[in-house]
Amino acid sequence: LVVALGGAMWILDEHLTPLKILGLVLIFAGSALAVPTGKKKKPLKAAADGTPAFEPKLAEGFTFALLSATGYGLSPILVKLGLAGTKAPFAAGLVSYTAATLFFLLFLIPKGRLVHILSVDRRALPWFINSGFFAFLAQMFRYLALSIAPVTVVTPIQRLTGVFRMIFSSIINPGHEVLNGRLVLGTLISIAGAVALTVSIDFVADYIALPRVFLEWRWP
């Protein structure tokens with residue numbers, strides 16, 4: 001999110017307003033509140049058969065996580081640049097994900113990769129098909145959103161995925177997830193943040209008397 005917002009302000013000349021900042025804070029706070037906090041786990045011990053305990057490689061982990069965050073952050077910037085001057089978000093999505101599919105196919109060439117994929121339990125196939133379908137819908141709406149709204153609005157709203165993931169997990173996997181008060185409150189706070197991001201500050205000023213500096217302040 002930081003990469004996306006920074007890139008939007010630097011490359012696309014977008015701005016943050018007090019209302020957008022409030023929306024960002026509410027989305028972060030709601031998502032943090034909704035995520036369950038588990039007890040601290042004890043250090044893993046070596047298995048009885050002598051297999052060494054898992055030890056995280058922090059340097060590699062941080063490096064890959066930062067690369068992932070950079071890629072996800074730059075993605076909406078590049079999409080927005082590609083959509084400039086065009087009204088064809090579906091065509092843009094087709095080009096983008098066709099290229100991604102062709103690139104991913106390179107990883108199936110090494111011997112044994114495709115065989116390993118095809119050996120997946122067939123009972124899992126409906127779940128993967130449903131997952132692919134809803135991922136397709138999500139990307140379609142993402143490109144539609146980026147074609148009509150600023151990155152500084154679309155990207156923070158997408159951070160609500162963590163909250164909705166918890167909700168649907170509690171519905172589909174009730175034995176593994178719990179819908180509690182923290183999740184409900186976090187969801188409501190996050191939705192309030194999403195509303196703050198999408199509502200025009202002029203619209204709010206029509207109903208609430210706001211200081212002049214609040215109406216005119218922009219950053220950067």
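# Close-up views of an all-helix model

**Figure 1. The largest nonpolar core gathers 10 residues.** Welcome to this predicted model; a good place to begin is its largest nonpolar core, made up of Ala4, Ala8, Ile77, Val79, Leu83, Tyr143, Leu146, Ala149, Val151 and Val154. Four helices each supply at least two residues of this core: H1 (2-11), H3 (58-83), H6 and H7 (151-158). H3 gives the largest share, with 3 residues. In soluble globular proteins, nonpolar side chains tend to be buried together.

**Figure 2. The whole chain, for orientation, has 11 helices and 0 strands.** Before moving closer to single residues, it helps to step back for a moment. Following the sequence from start to end gives the pattern α-α-α-α-α-α-α-α-α-α-α. The protein has 220 residues, and 23% of them count as buried. Take the contacts between residues at least 6 apart in sequence: 80% of these join residues at least 24 apart.

**Figure 3. Ile77 is a buried residue of helix H3.** Is Ile77 buried or exposed? Its relative accessibility is 1%, so Ile77 counts as buried, the cut-off being under 20%. Leaving aside residues up to four places away in sequence, Ile77 touches Ala4, Gly7, Ala8, Ile11, Leu12 and Val151. Gly7 is worth finding in this view: 70 residues separate Ile77 and Gly7 along the chain, and their C-alpha atoms are separated by 6.7 Å. Ile77 is also one of the residues of the largest nonpolar core, as are its contacts Ala4, Ala8 and Val151.

**Figure 4. Leu83 is a buried residue of helix H3.** With a relative accessibility of 6%, Leu83 counts as buried. Which residues does Leu83 touch, not counting those up to four places away in sequence? They are Ala88, Pro89, Ala92, Tyr143, Leu146 and Ser147. Among these contacts, Tyr143 and Leu146 belong, like Leu83, to the largest nonpolar core. For Ser147, the C-alpha atom and that of Leu83 are separated by 6.3 Å, although the two residues are 64 apart along the chain.

**Figure 5. Helices H4 and H6 cross at roughly 125°.** Two packed helices are described by the angle between their axes and the distance between the axes. Here, the axes of H4 (residues 89-105) and H6 (residues 125-148) come within 9 Å and cross at roughly 125°. That angle makes H4 oblique to H6. Their crossing is right-handed. On the H4 side, the contact is made by Pro89, Phe90, Ala92, Gly93, Ser96 and Tyr97, which meet Gln139, Met140, Arg142, Tyr143, Leu144 and Ser147 of H6. These residues divide into 7 nonpolar, 4 polar and 1 charged. Some names return from the view of Leu83, which touches Pro89, Ala92, Tyr143 and Ser147, among others.

**Figure 6. Helix H2 passes helix H7 in a left-handed crossing.** How do the axes of H2 and H7 lie? The axes of H2 (residues 18-34) and H7 come within 10 Å and cross at roughly 15°. H2 is therefore roughly parallel to H7. In the contact, Lys20, Leu24 and Ile27 of H2 meet Thr152, Val153, Pro156 and Ile157 of H7. Sorted by class, the contact has 5 nonpolar residues, 1 polar and 1 charged.

**Figure 7. Helix H7 also packs with helix H9.** The axes of H7 and H9 (residues 181-198) are 9 Å apart, at an angle of about 170°. H7 and H9 are therefore roughly antiparallel to each other. From H7 come Thr152, Val153, Pro156 and Ile157, and from H9 come Ala194, Leu197 and Thr198. This contact has 5 nonpolar and 2 polar residues, and no charged ones. If the H7 names look familiar, Thr152, Val153, Pro156 and Ile157 also meet H2.

**Figure 8. Asp13 sits in the loop between H1 and H2.** Is Asp13 buried or exposed? Asp13 counts as exposed, because its relative accessibility is 55% and the cut-off is over 50%. Its backbone deserves a look as well: phi of Asp13 is near 60°, a positive value in a residue other than glycine.

Methods. Residues numbered from 1 in each chain as written. Heavy atoms only, no water. Axes fitted to C-alpha atoms, helices over the stretch in contact; angles between N-to-C directions. Parallel < 35°, antiparallel > 145°, perpendicular 65-115°, else oblique. Left-handed = near helix turned anticlockwise from the far one by under 90°. Contact = heavy atoms within 4.5 Å. Nonpolar A, V, L, I, M, F, W, Y, C, P; charged D, E, K, R; others polar. Core = buried A, V, L, I, M, F, W, Y, C linked by side-chain atoms within 4.5 Å. Buried < 20%, exposed > 50% of the residue type's maximum accessible area, 1.4 Å probe, protein only.
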